Amino acid sequence: MRLSYPSNVKVIQVPCTGRVDIIHLLKAVEDGADAVYVAGCMEGECHFLVGNLKAKKRVQYVKKVLQELGIEPERVEMFNLSAGEGPRFAEIAREMVDRAKALGPSPVKMKKAA
Amino acid sequence: MIIADRKPAGELLEMVKDCNRILILGCKGCVTVCNVGGTKEVGVLASILKIARNKEGRPLQVDEKTIERQCDPEYIAQVKDLVGQYDAVISMACGVGPQFLSEAYPDQRFFPALNTTSFGGALQHGIWSERCAGCGTCLIHHFDGMCPIARCSKSLLHGPCGGSARGKCEISKEVDCIWDMIVKKKMEKGRLEDLTKMKPNKDWRTARDGGPRKSVREELVQ
């Protein structure tokens, strides 16, 4: 399709979003990611039946944890789209990049020594 | 199993606020079964604490280890050479863990990561419910397999109170009235007269009321 999406999005492919666990999302935040998102299949269309529902619950848990720590829960998000929706993929990438820009750099990034 | 919930992150951060290096010690027993203190949860807590401390600009080194159980001296002994290397150790076991560790290693500080609540079992994956109050004199055979000590909010032994309504306890719609369930089952099985039989008063000395308890298997003690 030759659509383009922002180059500061790092894509990590998984066979199903059910493979994404809480620790993966937290580690991304810990290592300084300004935003993390999980893009899974449409609800009800998961090839492994409920993987995307598990991912949704885990994203909600991480949002709650971040809120407790005083970090904006909007930095973590779950999206659902079909594998055939190329333009939607690009649209989501742009949306999250814009969101990260609006929220500013992650407060978790270690301040470099002066 | 013993059921517990993780303490809020803020409370744990307060406990370790003067530390630079800590160890989180998990347990593969009950707390793994109720998904609150096993290897996975140790990893999640380590990440949470590191995120919070990085945000403050005061990084925290957090090491992780999970042992078989923290309620047996032979397993506590396995971490002898490890625990001294840290400013403090967070134990992610039930209330027994931090205590056994503190007794075995009096020079180190051990903090509890969990609020231990009750003895119980899983209703479904992710939901655990209290079933046993550890009263020391089990009476569930009198109540068709249900325990009013643990499951009645007032631990009544003779029947439901006036607050029992539509099968629910007056304290919350989410709590079943166990006496409603006991009476219904007795009626169903034709054993309702059991509840009218006189029984001696419950001996509460075997419960927590009698002080800390100890169980001894003489045939095993060396």
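Buried area is the accessible area (1.4 Å probe) that two parts lose on being put together, summed over both. Keep that in mind for the exercises below. This is a predicted model, in which local features need pLDDT of at least 70 and side-chain atom pairs count only at pLDDT 80 or more, while totals for chains, interfaces and linings use all residues. Residues are numbered from 1 along each chain as its sequence is written, chains are lettered from A and ligands numbered from 1 in the order in which they are written, and side-chain values use heavy atoms, with hydrogens and water left out.

**Exercise 1. Describe the contact between chain A and chain B.**

Step 1: start with the area. The size of an interface is often given as the accessible area lost when the parts come together. Here chain A and chain B bury about 1,400 Å² between them, and 64% of it is on carbon and sulfur atoms.

Step 2: find the big contributors. Glu30(A), Leu69(A) and Met110(A) supply 38% of the area that chain A buries against chain B, more than any other three residues.

Step 3: count residues. With contact meaning heavy atoms within 4.5 Å, 17 residues from chain A and 16 residues from chain B take part.

**Exercise 2. Work out which polar and charged pairs join the two chains, and what chain A brings to its side.**

Step 1: take the charged pairs. A salt bridge is a side-chain nitrogen of Lys or Arg within 4 Å of a carboxyl oxygen of Asp or Glu. Two salt bridges run between chain A and chain B. Asp21(A) and Lys40(B) meet in a salt bridge through their side chains, at 2.7 Å from N to O.

Step 2: look at the helices (DSSP runs of H or I, at least four residues, numbered from the N terminus). On the side of chain A that touches chain B, α1 (22-30) and α2 (51-68) of chain A each supply at least two residues. The largest share of that side, six residues, comes from α1(A).

**Exercise 3. Place Ala9(B) in the structure: is Ala9(B) buried or exposed, and what does Ala9(B) touch?**

Step 1: locate the residue. Ala9(B) sits in helix α1 of chain B, residues 9-15.

Step 2: check accessibility. Buried means under 20% relative accessible area, exposed over 50%, and partly exposed in between (1.4 Å probe, protein chains only). Ala9(B) has 3% relative accessibility, so Ala9(B) counts as buried.

Step 3: list the neighbours. Leaving out residues up to four places away in sequence, Ala9(B) touches Glu68(A), Leu69(A) and Ile48(B).

**Exercise 4. Pick out salt bridges within chain B and say how accessible their partners are.**

Step 1: get the total. Over all chains, the structure holds 24 salt bridges.

Step 2: try Lys7(B). Lys7(B) forms a salt bridge with Glu11(B), with the closest N and O atoms 2.8 Å apart. Lys7(B) is buried, at a relative accessible area of 10%, whereas Glu11(B) is partly exposed at 35%.

Step 3: move to Arg69(B). The side chains of Arg69(B) and Asp72(B) meet in a salt bridge at 2.8 Å, N to O. Arg69(B) is partly exposed at 28% relative accessibility, and Asp72(B) is partly exposed with a relative accessible area of 22%.

Step 4: finish with a network. Asp144(B), Lys186(B), Arg191(B), Asp194(B) and Lys197(B) are linked by salt bridges into a network.
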